[in-house]
Amino acid sequence: MGTLVEPALLLLLWQSVWALDIPLEVRQPPTIIKQSMKEHIVDPKDTMVIECEAKGNPHPIFSWRRNGKYFNVARDSQASMRRRSGTLDIYAKNNPEQYEAEYQCIASNEYGSAYSNKIRLQLYRAPVWPREILEPVVVSAGLPLVLSCDPPPGPPKPETYWMSSSFPTMQAVRPDRRVSMGVNGDLYFSNVLINDSVADYCCNARFPYKNVIQQKMPVVVKVLTTRTVAEAAPTWLSPTGSSSSILVLQGEELLLECIAAGMPTPRITWTKDGEDLAVTSRMKVKNFNKMIQIPKASFDDVGEYTCAATNRLGYIEHTITVKVKAAPFWLEKPTDLILAPEENGRLVCRSDGAPRPTISWSINGEPIETADPQPNRQVSGDTLIFRSVSASNTAVYQCNASNQFGYLLANAFVNVLHATPRILGPRNELTKVIEGSHALLDCRYFGSPFFCHLSFSEPIIIVTKPQSMKVMRGTDVRLECGVKADITTPVTTNWLKNKKISLDESNLVITNVNRGDEGNYTCVIKNELDQKSASAHLMVMDRPNPPTNLELSDPYERTVRLSWVPGDSNHSPITGKMQYDDDDWLPGKWRNLSTYPGTLNSVILHLAPFSYYEFRVIAINEIGASRPSRPSTRFQTSAPDVIPKNLKGVGTWRNNMEISWEPLTYREWNGPKLKYLVWWRRRDSREEWKNATTKWLKYYIYDADTFTPYELKVQAVNDFGMGPESPVVIGYSGEDRPIAAPLNLRVSDIESTQVTVHWDTVTRGSIMGELKEYKVYYWRDSSQLRWHWVNRAMKSKSFPDDVPEPSGTVTNLIPYSNYKMYIVVANNRYEGPPSNSIHFSTPEGVPSAPTSFRIQQRHLDSIYVDWDLPAEPNGIITGYSLKYQTVNATRGEELRVEEFPPNTTSFSIRRYDRYTRYRFSVAARTRLGLGEWHTEESPHYTTESNLLLSLCINTIAYAQDQVDITTQGWFIGIMCAVALIVLILLIVCFIKRSRGGKYPVREKKDISLEPVDDKDQEGSFDYREEERGLQRGQPSIEAMMKRSDSDDSLVEYGEGGEIPFNEDGSFIGQYTGTRRDVRELDFGGSLELHSPMNTIYSLA
C-alpha cells in the first residue's frame, strides 16, 4: 500500500512547489503589484492620485516618467510620492491642465527595474452646454424632423436621453416606430404629427464619472397643420446614402442603426450577407427593429448587413459593411523565472490580435537590441531563451505586444540564485482524515535549484491524421486525429483554426458547414512532456458572391451598356444572369432579361423606348445562384406624362393659401429628381401667372387678401422635361373673423321643451370667408318657481345655411323655465360677434320623478313610505299618485292607487303578515298630467331586530339626503350615538314588557286604510294618531325653505323667527323637524314632512 501512495505524494509536492512565489525575504527583482488604469480620469478639484505599488528585496525605489521624460517629483510643489510607495498625489490648485499627460511608474532595486503601463491622465471637466437661444422649429405635418443633441464630449462619453415638457410635468420621450433616439443622441421623427407640438423637447446628458446630469435648452416644435397630410416614400435619416461601413474592436459593443423618414411610417427589416438575419443570444434587435445591438463583437459578426425601409409608396435599402479588428490579447503571458546557476530557461510572450501584434523585448526598460549583449541569451520570435544562466542574467524583462489598436505590457523577472531549501508552511502540523478517503499533504517549501522526481514515458504518435477536404456548403464534416501515447501520462487534444484555439475534442465534427468554416485546422496533442500536431485544409464550395459596382454608360434611345465587378466564385465556375425592373418600382417585381457567360463583366442591353429600367446581376455556379447584386441606377429617357391629381387651394391663415396635390407614383416619375411646378394668379384679374418649383406636395402663398379666389394649376417636372399642365381650379385664401352679427333674433311656437328661432341673415361680405353656419347659444336663466335652483350652463345648436329660410328649432328645453339666447354667424375658422340677447319662457310640462323615495318599517305590521319634490317640477305640483301591490303574498291583491294633495308626501300601510312585501310607484302631477314614475319594492322585514336596524339605516340615509351636513363627521357620530341609545332603551323596554308590564307606544300615521287591532298578545298598544302632539313636533308648510333668485342667498326658516346655526354653518332646524318655506308653490293646505327623528322621539 505504501508503494502506491508515495509516487502520487511526490507528484503533488512537485507540482505545489512550482506554484509558489519566491518568499519576500529572498533577494529578488521588483514586481509591480498595483497600478492605475491605462485611461485614468480624475477630478482636478480633488487630489489627483496615480497608483503604483511594487514589492521586491531590497524594497524598490520609485520614479516617474511623464510623456516619456523623467518627472522630478521632488521639485514639483504640487506633487508628492507616498512613503515606501510609488503612488503619486497631485494637489493641482494652480493650472491643473499641465498635469494632463501620459505617466509611467518605474520600480527599481539592485536586481532590476519593473515598468507599469503607460497611464493616460485625463482631467474631468464639468460638462456645460453652451448657452444659446433656440429658435422654434417650424415644420409641416407629415414631414420628417431631426432635433440635434450635441452634448459636451466628456470624458467619459455621456449617456443621452430626451424629455418632453408640458407645464407642469416633464416625462421621457417614449420611442416608437415613428420617433427614435439615435446612437448619436439626436431625436428623429420619421414624420411629425400635430400632437408633437404639444410639448417642448429637451436633451439630457448623464456623465457617469460624477453621475451629473446636464440639460440642454428646450426646443419648441411648431407643426403647421393642413386638411390633408401628404404621403411620402421612405428616405434615410440615419445613416445617409446607400452604403456605409463600421469598424469595431473585438469585445466592444457593436450598434447598427437604420432610421427612415416617410409617410406612412416605414417598416425596417434586416438581412445579413443576402439572407434573413438570424437573431442569436448574443444579439438584440431594439428600437422597433431600427437597431441591432451586439454587446461584445466577435469575428463571426463580420459581413454586410442590409436594412430595408418600406411603406406603400416605396422601398429603399442601405448596406452596412461591418469589419472587426482586435487589440492585442494574451495567449500565454510571461511569468517570473527562478533558476540556479548553469540551468536553462525561457520566457514566452504569446499574444494575438487583428492585425497580428508585434512583439518587442526590453531589459529593465531598455530595448534588448541596445542592451549589453549576452551570449547565453537569445530571442526567438515570441520566446526569450536562456542557456547556462549566471547572476548577470538576473533582471526584469518587459514584453510589449502592440498593434494599431492597443498594446500589452508584461514584466517577468529572471532571478538566478542559490537558496537552501526551507519549509514555508507550519511545522509539526497534524492532519486528520477518515480511513479509506483521499488525503492531500501539502508540503510548501522553497529552494534553488529544485530537485524533481524523474520518470520516463513513451512519445506521442499521431496514427490518424486529419485529411484535407473540399465539400459543399451545408454538409457535415468530420476531421479525425487518432493518437498513441503512454497510458500513464494523460494527453489533451486541442483543435486550432488558423492558429486560434477552437475546440477541445479528439475528433472534430462540423455540422452544416458554411464559408466561415473554411480554413486550416490543426489538432494539437500534448501532455506534460511532449506535443505533436497535424493539419488539414477545409475548402467550402458555395454559391458565388453577388456582383458589385453596377454602372450604366453609353446611353442611347434604345440601348445602354451595363458593367459590373464579378464576385468571388467560391471554388466553382460561374455564369451570369441579368434581371430588370420595367416601369415598376415596387420591390420583388423583377423579370429575367438574359444569361451571359461568367467571363463577361460588361454587356450592351437592348431596351424598349420610353420605358423605365432598373437592372441587377445574379451569378450562378453548380451550387446555386448568388443573391442579387444591388440595383443599378434608374434609367429613363422621357419626361413625366401624368398630371398630379386633386389640386386644391385652402387658406390656413387670414392672409395665406396652401396649394396641395396628390403625388405621382414611382412608375409615373419617368425619370430622376421629380419636382412640381405650381402656377397661380388672382381670378378675374389681368395679372401674369406666377410660378414656383418644389419637391414637396404643398406650396404656400403669403400676403394674400382675405378670402380671395385664385386660379391654380400644377405640372410634374423631372431632369428630362416638363409634363402636361393640370386643368385650372379655383382656390381661396384664408378666412378672418366675421364683422357683423345676425339681426332681429326672435322666437315663435314656444312649447314646454322646444322653441322655433328666427333671425335675419348677414351680408356675404361681412362673413370674411365661406358661410359655414349660424349658431344659437342659449342657457336656462331661472325657473318660474322662484325657489327652484337651476343650472345656468350654456348650450349651443348650429343651423346650416341650406335651410329655405333663416330659422330653426331648439329642442330639449326644460318646461316652466326662463331662457336667454343670442346668435352668431360662423365661417370655417371663426365665429362672429354675438347678436342682441332675447328672453323667453317655456310653459308648464309634466314633472320628473319624485326624489328621495324611502320605505321604512316603523312597526312590525306596517310599512311607511315618503318622498320629496321632483328634481324638476316643470310647473306647479297639483298632487301625487301612488300605486302599490303585494309582491310575495299568498293571496293575490289588485293594484291599488292612492291620490294625494300636493302637501302630502307620505303614506303608511298595514301588512297582512310580517313576510308581505309591496311594490310602490309614485309620480307627481301638474295641470298637464302625471310625470315620470318612481318604483321601488319594500325590503324583507321579519324580526324586531330588523326593525331596529332599518330604523338606524333610515335615520342615516335621511341624513345623507341632506345638503352639506352629510359630509360632517360630527353629525354621523351623533346619529350613530342616538341609534345606540335607542337600541339600549328598546332592550330595556322589551325586558320590562316580558315581565308583564304594558307601555304605550305612539307613532304618527298619516293615513290608515283599514282598522288596526289595538291589542297585542304581549301588551296593549295605542296606534291612534295624536294630532296635537304631532303638530307640536312638526311645523306647518309655512316653515319650508323659500329660495330666492340668487344662488348664494340665505333662506328663512320657521314662522318668521330666527333660525340657529351650528358651528360649521349648517341649519340646526334642518334635522329637528323645521321645514322650508314653500309659499311660492301656489297651492294651499298644510304639508307634513316626516323626519326619521320624529320616529325616534315617538319611540322614546
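Let's start with a small open sheet: three strands in the order β23-β28-β27, paired antiparallel. The two at the edges are β23 (254-257) and β27 (284-286), and each has a single partner strand, so one side of each is left without a neighbour in the sheet. From one strand to the next, the twist averages 20 degrees. Bear in mind as you look around that this is a predicted model.

Stay with β27 for a moment. It runs antiparallel to strand β28 (residues 291-294), and three bridges join the two. To find your place on screen, look for Val285, whose bridge partner in β28 is Ile292.

Now step along to strand β25 (residues 267-272), which pairs with strand β29 (residues 303-311) in the antiparallel sense over six bridges. β25 is also joined by two bridges to strand β26 (residues 275-276), again running antiparallel. Lys272 is a handy residue to click on here. Its bridge partner in β29 is Tyr305, and it also stands opposite Glu275 in β26. The hairpin of β25 and β26 has two residues between the strands, and in that hairpin Asp273 takes a positive phi near 55 degrees.

Keep one rule of thumb in mind when you look at strands like these: in a regular strand the side chains alternate between the two faces of the sheet.

Another open sheet sits earlier in the sequence. It has three strands in the order β3-β8-β7, with antiparallel pairing. Here β3 (48-50) and β7 (79-81) are the edge strands; each has a single partner strand, so one side of each lacks a neighbour in the sheet. Neighbouring strands of this sheet are turned by 20 degrees against each other on average, direction ignored. The pairing of β7 with strand β8 (residues 88-90) is antiparallel and covers three bridges, with Ala79 standing opposite Ile90 in β8.

How much of the chain is strand and how much is helix? The protein chain has five helices and 80 strands. Take contacts between residues at least 6 apart in sequence: 65% of them join residues at least 24 apart.

For a single residue in its surroundings, try Ser782, found in strand β67 (residues 773-783). Is Ser782 buried or exposed? Its relative accessibility is 15%, and the cut-off for buried is under 20%, so Ser782 counts as buried. Leaving aside residues up to four places away in sequence, Ser782 touches Val790, Ser817 and Asn818. Ser841 is 59 residues from Ser782 in sequence, yet the C-alpha to C-alpha distance is 9.4 Å.

Ser782 has plenty of company, as buried residues make up 43% of the 1100 residues in the protein chain. As for the outside, the accessible surface of the protein chain comes to about 59,200 Å², and 52% of that belongs to carbon and sulfur atoms.

One piece of that outside is worth a visit, and this time we are on a helix. Ile987 lies in helix α3 (residues 969-994). With 43% relative accessibility, Ile987 counts as partly exposed, because that class sits between the buried cut-off of 20% and the exposed cut-off of 50%. Which residues join Ile987 in a nonpolar surface patch? They are Leu980, Leu983, Ile984, Val988 and Ile991, and the patch they make with Ile987 is about 490 Å².

Methods: Residues numbered from 1 in each chain as written. Predicted model: local features only at pLDDT ≥ 70, side-chain atom pairs only at ≥ 80, totals over all residues. Heavy atoms only, no water. Patch = residues over 30% accessible without salt bridge, like charges linked within 9 Å, V, L, I, M, F, W, Y side chains within 5 Å. Areas by Shrake-Rupley, 256 points an atom, 1.4 Å probe, with all protein chains shown as cover. Salt bridge = Lys/Arg side-chain N within 4 Å of Asp/Glu carboxyl O. Helix = DSSP H or I, 4+ residues; strand = E, 2+ residues; numbered from the N terminus. Buried < 20%, exposed > 50% of the residue type's maximum accessible area, 1.4 Å probe, protein only. Contact = heavy atoms within 4.5 Å. Pairing = 2+ DSSP bridges. Axes fitted to C-alpha atoms, helices over the stretch in contact; angles between N-to-C directions.
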